[in-house]
Amino acid sequence: MDPVTHGLIGASASQSFADKRSFRAAAFTGLASAMLADLDIFLGSASDPILNLELHREFTHSIVFIPVGALVATLLLWWFVKKYLTVKETYLFSLAGYATAGITDVFTSYGVLLFWPFSDTRVSLDIISVFDPLFTFGVILLTGMAFYKRKQLFAWLALGWMAFYLFFGFTQQLKATEVARQKAGHTNHEIHQLIVKPTIANNWLWSIRYTANDSLHTAGVKLIPFSDPVIYNGESTPLMDWESAFRSYRGTTLYNDIARFSKLSDGILIRHANHEQVIGDGRYSMLPTTLSPLWGIEVDTTKPNQHVQFGTYRDAGEEVRKPFLEMLF
């Protein structure tokens, strides 16, 4: 989730068991602790961009690391809150805040190494966008009321709002998944991998992507409560068989980097239509119906012993905004 929402959720968690004396210091501690985990974006290597991707949402977001992360937060925050909190209280509020970081990111896409170091599988439920203003507005309102009135009730209402909204996202995903399976059945596609997730900043326009017959297929579906689904047909493109295409480079840095990026992309790699040398992550696009990857790696076969370059290809121009808004509303 975005940093602001992360912090507010952490504040709500710490407020939920704070007394009036420590309430606002607890909120500050929970907020700062929840945001601490995402400092992993500064980890990595300038010469190895894939490493930055691998470390994001890795050990700092794992369950095992929560007590350690809370301890780091306590050491950093103690000097700011020592007039209001004991060391034990600071650690407990830090623990509550930091624990929300990895757990809440599980509900979004991209995935979290929640069970690191015992598993290198990224856990992702895909039931809420990384930024959802309606979700965040409810959290801001109720967490702010809790902070202002110093009452646990509003913190618990904030947590209840989060649970309600996430459950709504889960039900929306079930509906979108059923639409995806029906659509694949109508075209005689046997689904190998299915990805159903909300588009950015909302929970009623959903992206459908599935692999079948060595190709990636897309569609969008609008799910308004008490209304029939509105389906938007998408595009199809062959999946990239990168192992065959780059077989002659096996053992090189180039080949290994493509393998690492493939793992991060769940094996769903496609050629970028507008960038000949770019291999893109086919799971993400600005529109649910298109196959223009948001990010990818630039492959230069003349430099097989150098790390690939990572690039983003977001285009929020009129030609993207207009169809998105038309599908959304």
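## Helices α1 and α2

α1 passes α2 in a right-handed crossing. This is a predicted model. The two axes of α1 and α2 come within 7 Å and cross at roughly 140°. The pair α1 and α2 is therefore oblique. An angle counts as roughly antiparallel only over 145 degrees.

On the α1 side, the contact is made by P3, H6, G7, G10, A11, S14 and Q15. On the α2 side, the residues are F23, A26, A27, G30, L31, A34 and M35. Sorted by class, the contact of α1 with α2 has 8 nonpolar and 6 polar residues. Charged residues are absent from the contact of α1 with α2.

## Helices α1 and α6

α1 also crosses α6, and this crossing is left-handed. The axes of α1 and α6 come within 10 Å, at an angle of roughly 40°. α1 and α6 are therefore oblique to each other.

Which residues make the contact? From α1 come T5, L8, I9, A11, S12 and Q15. From α6 come F135, T136, V139, I140, T143, A146 and F147. The contact of α1 with α6 divides into 8 nonpolar and 5 polar residues, with no charged ones.

## Helices α4 and α5

Further along the chain, α4 covers residues 66-81 and α5 covers residues 87-105. Their axes come within 8 Å and cross at roughly 130°. α4 and α5 are therefore oblique to each other. The crossing of α4 and α5 is right-handed.

α4 brings I66, P67, G69, A70, L71, A73, T74, L77, W78 and V81 to the contact. α5 brings V87, T90, Y91, S94, L95, Y98 and A99. By class, the contact of α4 with α5 has 13 nonpolar and 4 polar residues, and no charged residues.

## Two nonpolar cores

In soluble globular proteins, nonpolar side chains tend to be buried together. Here the largest nonpolar core has 22 residues. Which members touch the most others? They are I128, F135 and M162. Four elements give two or more residues to this core: α1 (3-15), α2 (23-36), α6 (133-149) and α7 (152-186). The most comes from α7, with 6 residues.

M162 shows how this region is joined. Leaving aside neighbours within four places in sequence, M162 is in contact with I9, S12, F135 and V139. I9 and S12 of α1 also belong to the contact with α6, as do F135 and V139 of α6. Apart from the largest core lies another core, of 19 residues. Among its members are I50, W242, Y255 and W295.

## Y110 and its surroundings

Y110 sits in the loop between α5 and α6. Is Y110 buried or exposed? Y110 has a relative accessible area of 19%. The cut-off for buried is under 20%, so Y110 is buried.

Not counting residues up to four places away in sequence, Y110 touches L53, H56, R57, R122, S124, D126, L264, R283 and Y284. L75 is 35 residues from Y110 along the chain. The C-alpha atoms of Y110 and L75 are separated by 30 Å.

## Backbone exceptions

Most residues other than glycine have a negative phi, and most peptide bonds are trans. Three places in this model depart from those patterns.

Y110 is not a glycine, yet its phi is positive, at about 80°. R57, one of the residues that Y110 touches, also has a positive phi, near 60°. R57 is found in the loop between α3 (49-55) and α4. With a relative accessible area of 6%, R57 is buried.

Where is the cis peptide bond from W116? It runs from W116 to P117, with omega near 5°. P117 lies in the loop between α5 and α6, and Y110 has its place in that loop too.

Technical notes
Residues are numbered from 1 along each chain as its sequence is written. This is a predicted model: local features need pLDDT of at least 70, side-chain atom pairs count only at pLDDT 80 or more; totals for chains, interfaces and linings use all residues. Side-chain values use heavy atoms; hydrogens and water are left out. Axes are lines fitted to C-alpha atoms, for helices over the stretch in contact, and angles run from 0 to 180 degrees between N-to-C directions. Angles under 35 degrees count as roughly parallel, over 145 as roughly antiparallel, 65 to 115 as roughly perpendicular and the rest as oblique. A crossing is left-handed if the near helix is turned anticlockwise from the far one by less than a right angle, and right-handed if clockwise. Contact means heavy atoms within 4.5 Å. Ala, Val, Leu, Ile, Met, Phe, Trp, Tyr, Cys and Pro count as nonpolar, Asp, Glu, Lys and Arg as charged, and the others, Gly among them, as polar. A nonpolar core is a set of buried Ala, Val, Leu, Ile, Met, Phe, Trp, Tyr and Cys residues joined through side-chain atoms within 4.5 Å. Buried means under 20% relative accessible area, exposed over 50%, partly exposed in between (1.4 Å probe, protein chains only).
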